[in-house]
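Here is a short report on one protein chain. Keep the sequence and the structure in view while reading.

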Amino acid sequence: MSEAKKRRSTGRVTLNDVAQLAGVGAMTVSRALRTPELVSDKMRERIEAAMDELGYIPNRAAGALASATSQTIVVIVPSLTERGCGDMIAGLQQTLLAEGYQIMLGDAQHLKRQEESLLNNFLQHNPAAVVLFGGDPGETIRTRLQAARLPVVEVGAMARQPIDMNVGVSNFDAGYQLTRHLIERGYRNIGFLCARQEQWMLQQRMQGWQKALLDNYLSPDAIINTSELPSFSTGAAMLGEFLLRWPELDALICVNDELAAGVLFECQRRHLSVPGKLAIAGFDDLDVARACYPALTSVRIPYHQMGQEAADLILRQLAGETVAGLALTLDFQLQRRQST
């Protein structure tokens, strides 16, 4: 916490800092940013190298002064189509709008490069704070945000090394408890279906599954990580591969309820009894988990509360309260239903 406060007290990286490192005048740096065609390639490369080293973000807010404050909060999520992201945004916006702040929202489409591009563009508009969903943003984003010296909240998973503040659940514990539930129900060949595993929160769920199996002397070999989106159709498509590779499979955990529902629908198409032939479980406790038949066992994650707590931390830090480095771990709930 003390390290984060010290970092912010030095102020943001300025255009003059870039000019000094590049060995040119501030007007040359400004010209390279506004009219790069008027600056030589060699000079422009020196300036760009200095910007990258310092993590400098051009401020494109029209007419903004160095002391200007913004009423905009940047929010970047892996996918706007996922219910968990929508619930988190709703909780965040509910709290921020009441205090006069607006959200600038970006959909990274589960792509790290897209997330980096969105952040770079958004930071040029001088936001008041940044919210990232999913955890483990990577070194490029970490460097940019540390240089920007804004309040940052990572939401969804408990981060290994938070950039600033963190609100989430222990996805490792959630994966562990869900797997333990299946083991206690008598299942021994438990698979794990993951889509876009690069997200830290999904990795944590997988690691919880692995640990629970190993603690009970069971094999964690039955795992598929697909590069496809975590959707109904992906779940349905992956079931056949699981059954082909592991015909002894008697239970399958999916990293979200859409995948799990897709597996369930494919079981019904194949006339495979659930849970008689295959038990199925997921995460997030979406409406589909409760509405399908049999109802899906799932882990309820308090995404709406995460958004509210993240907004509260941002407002407290913007008001001058010492909350930098604070991490809040929220509770999840295992919803046991007929699918297991």
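The sections below go from the whole chain to its cores, helix pairs and single residues.

## Overall build

This is a predicted model. Its chain holds 340 residues, and 52% of them are buried. The secondary structure comprises 13 helices and 12 strands. Along the principal axes, the C-alpha trace spans about 75 × 40 × 35 Å.

Long-range contacts carry much of the count. Take contacts between residues at least 6 apart in sequence: 70% of them join residues at least 24 apart.

## Nonpolar cores

In soluble globular proteins, nonpolar side chains tend to be buried together. Here the largest nonpolar core has 78 residues. Those with the most contacts inside this core are I73, M88, I190, L193, V263, I280 and M306. Helix α13, residues 303-318, supplies the largest share of the core, with 7 residues. Another core, of 16 residues, lies apart from it. I76, F122, L150 and V152 are among its members.

What does V263 touch, beyond residues up to four places away in sequence? The list is L193, G235, A236, L239, L252, C254, L278 and I280. L193 and I280 also appear with V263 among the residues with the most contacts inside the largest core.

## Helices α8 and α9

Helix α8 covers residues 171-184, and helix α9 covers residues 200-215. Their axes come within 7 Å and cross at roughly 40°. An angle from 35 to 65 degrees counts as oblique, so α8 is oblique to α9. The crossing is right-handed.

On the α8 side, the contact uses N171, F172, G175, Y176, T179, R180 and I183. On the α9 side, it uses M201, Q204, R205, Q207, G208, W209, K211, A212, L213 and D215. By class, the contact of α8 with α9 has 7 nonpolar, 6 polar and 4 charged residues.

## Helices α10 and α11

A second pair is formed by α10 (residues 232-245) and α11 (residues 257-269). They pack at an angle of about 50°, with their axes 6 Å apart. The two helices are therefore oblique to each other. Their crossing is right-handed.

F232, T234, G235, A236 and L239 make the contact from α10. From α11 come E258, L259, A261, G262, V263, F265, E266 and C267. The classes in this contact are 8 nonpolar, 3 polar and 2 charged residues. V263 thus links two topics: it is listed in this contact, and it is among the residues with the most contacts inside the largest core.

## Helix α7 and its end

Which residues of helix α7, residues 139-148, are buried? They are I141, R142, R144, L145, A147 and A148. Their cover includes α4 (41-54), α6 (112-123), β3 (129-133) and β4 (152-157).

R149 follows α7. This residue sits in the loop between α7 and β4. Its phi is near 55°, a positive value in a residue other than glycine.

## The loop between α11 and β9

H271 lies in the loop between α11 and β9. It has a positive phi of about 60°, although it is not a glycine. Is H271 buried or exposed? Its relative accessible area is 74%, so H271 is exposed.

P275 is in this loop too, between α11 and β9 (279-283). A cis peptide bond joins V274 and P275, with omega about 10°. Another cis bond runs from Y293 to P294, where omega is near -5°. P294 is found in the loop between α12 (287-291) and β10 (297-300).

## Two residues compared by setting

S339 is in the segment after β12 (333-335). Its relative accessibility is 0%, so S339 counts as buried. Beyond neighbours within four places in sequence, S339 is in contact with V274, P275, L278, A279, I280, P294, A295, L296 and T297. Both prolines that follow the cis bonds described above, P275 and P294, are in that list. The C-alpha atoms of S339 and L296 are separated by 5.0 Å, though the residues are 43 apart along the chain.

H304 is found in helix α13. With 33% relative accessibility, H304 counts as partly exposed. Its contacts, leaving aside neighbours within four places in sequence, are D87, M88, A90, G91 and Q94. H304 and S70 are 234 residues apart along the chain, and their C-alpha atoms are separated by 24 Å.

Conventions:
Residues are numbered from 1 along each chain as its sequence is written. This is a predicted model: local features need pLDDT of at least 70, side-chain atom pairs count only at pLDDT 80 or more; totals for chains, interfaces and linings use all residues. Side-chain values use heavy atoms; hydrogens and water are left out. A nonpolar core is a set of buried Ala, Val, Leu, Ile, Met, Phe, Trp, Tyr and Cys residues joined through side-chain atoms within 4.5 Å. Buried means under 20% relative accessible area, exposed over 50%, partly exposed in between (1.4 Å probe, protein chains only). Helices (H or I, at least four residues) and strands (E, at least two) are DSSP runs, numbered from the N terminus. Contact means heavy atoms within 4.5 Å. Axes are lines fitted to C-alpha atoms, for helices over the stretch in contact, and angles run from 0 to 180 degrees between N-to-C directions. Angles under 35 degrees count as roughly parallel, over 145 as roughly antiparallel, 65 to 115 as roughly perpendicular and the rest as oblique. A crossing is left-handed if the near helix is turned anticlockwise from the far one by less than a right angle, and right-handed if clockwise. Ala, Val, Leu, Ile, Met, Phe, Trp, Tyr, Cys and Pro count as nonpolar, Asp, Glu, Lys and Arg as charged, and the others, Gly among them, as polar.
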